[in-house]
Amino acid sequence: MANLFRFILIAAISSLTLVACNFLFSNNPSPPNQSLNDSKPLPVVQNVDPKTTEPERIPDAPYLQTPNEAVVKMLEMAQVRSNDLVYDLGSGDGRIVIAAAQKFKAKAIGIEIDPELIRESAREEESAIAQTPDIRDRIKFVKQDLFKTDLRDATVITLYLLPQANLRVRSEILPKLKSGTRVVSYEYDFGDLPPNRIEKIKIDGQEHMIYLWIIS
Ligand SMILES: C[S@@+](CC[C@H](N)C(=O)[O-])C[C@H]1O[C@@H](n2cnc3c(N)ncnc32)[C@H](O)[C@@H]1O
């Protein structure tokens, strides 16, 4: 009789434990959006299909390169540091992303709609890694429409687009950025949104504008 009672007691405790585990694991909330620091890998984002050659739609700006002096000035104005995650929206050949990692020790992600330019960035990335191997885990290029990119982790955004595209960035992207994010734009502003800082840079005798906004 005592044995039967002990058997029923053990069976009841085991069943209750199983039910409790099941409840706990099935109700576990999804992990919060990771904040970036030096020990964490770059966020996983969709990458390029090697067979695609054409952008999925007409790009919002043509491919032009920010001169290297202006790239450095932009990153200095944004006060990029090693704990930053920089996104270059429309990253072209990847020069801003590579400079952010090589010269400013930040993590950086290039978002580019044109698959040929993503391949070009990959080549630039390889030669940059050959010079400075430590940047390997800190840079990444993603073939994606910048207007569909999740930028919640960004601490710095760089832009060289066109006035109309900048206005779209202003209305669709700026409201989603976290407070304190620095946004730097080469040549074009955000219409009547006053920047926190404006710099002029002379390159080959021509003046160029760089604007900085700090999201509040
Ligand atoms: C003027 S270039 C700037 C390149 C680079 N950021 C630099 O400063 O040297 C603009 C880039 O944005 C890309 N682009 C245009 N619209 C885009 C979009 N919707 N999503 C992602 N990239 C886009 C173009 O393909 C082009 O490479």
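Hi everyone, let's start with one residue and work outwards. Leaving aside its neighbours within four places in sequence, I109 is in contact with L42, Y87, V97, K140 and V142. Before I go on, please keep in mind that this is a predicted model.

So where does I109 sit? You'll find I109 in strand β2. Is I109 buried or exposed? It has 25 C-beta neighbours inside 10 Å, and 20 or more is the cut-off, so I109 counts as buried. You can also look from I109 across to I98: these two are eleven residues apart along the chain, and their C-alpha atoms are separated by 9.0 Å.

Now let's zoom out to the whole chain. The chain contains five helices and seven strands. If you read along the sequence, the pattern goes α-α-β-α-β-α-β-β-α-β-β-β. The chain has 216 residues, and buried residues make up 32% of them. Here is a figure about contacts: among those between residues at least 6 apart in sequence, 70% join residues at least 24 apart.

Next, the sheet. In what order do the seven strands line up? The order is β3-β2-β1-β4-β5-β7-β6, in an open sheet with mixed pairing. At the edges are β3, residues 139-143, and β6, residues 197-203, and each of them pairs on one side only. From one strand to the next, the twist averages 20°. As a reminder from class, strands of a sheet pair through backbone hydrogen bonds, either parallel or antiparallel. For an example, follow β6 to β7, residues 206-214: these two run antiparallel, and seven bridges join them. Within that pairing, E199 has I210 in β7 as its bridge partner.

Let's stay with the sheet but move to β4, where I157 lies. I157 is buried, because 25 other C-beta atoms lie within 10 Å. Not counting residues up to four places away in sequence, I157 touches Y87, L89, L151, T181 and V183. Y87 may ring a bell, since I109 is in contact with Y87 too. I157 and S185 are 28 residues apart in sequence, yet 8.4 Å apart in space, C-alpha to C-alpha.

Now for a helix, α3. This helix lies across β1, β2, β3 and β4, running at about 175° to β2. Why do we call α3 largely enclosed by the rest of the structure? Because six of its eight residues are buried. Those six are I96, V97, I98, A99, A100 and A101. They pack against α2, β1, β2, α4, β3 and β4.

That leads us to the largest nonpolar core, which has 43 residues. The members that touch the most others are M74, V86, V97, A100, A101 and A108. Which element gives the largest share of this core? That is α3, with six residues. As for M74, its contacts include T158, V184, Y186 and I210, leaving out residues up to four places away in sequence. You met I210 earlier, as the partner of E199.

Last stop, the ligand. How many residues surround the ligand? There are 23, and the closest are P59, T66, G90, G92 and I113. The elements that give two or more residues to this shell are α3, residues 95-102, and β2, residues 107-112. By class, the shell has twelve nonpolar, five polar and six charged residues.

So β2 brings us back to I109, where we began. Thanks for listening!

Methods: Residues numbered from 1 in each chain as written. Predicted model: local features only at pLDDT ≥ 70, side-chain atom pairs only at ≥ 80, totals over all residues. Near = placed C-beta within 6 Å. Helix = DSSP H or I, 4+ residues; strand = E, 2+ residues; numbered from the N terminus. Nonpolar A, V, L, I, M, F, W, Y, C, P; charged D, E, K, R; others polar. Pairing = 2+ DSSP bridges. Axes fitted to C-alpha atoms, helices over the stretch in contact; angles between N-to-C directions. Contact = placed C-beta atoms within 7 Å. Buried ≥ 20, exposed ≤ 12 C-beta atoms within 10 Å, placed from the backbone. Core = buried A, V, L, I, M, F, W, Y, C linked by C-beta atoms within 7 Å.
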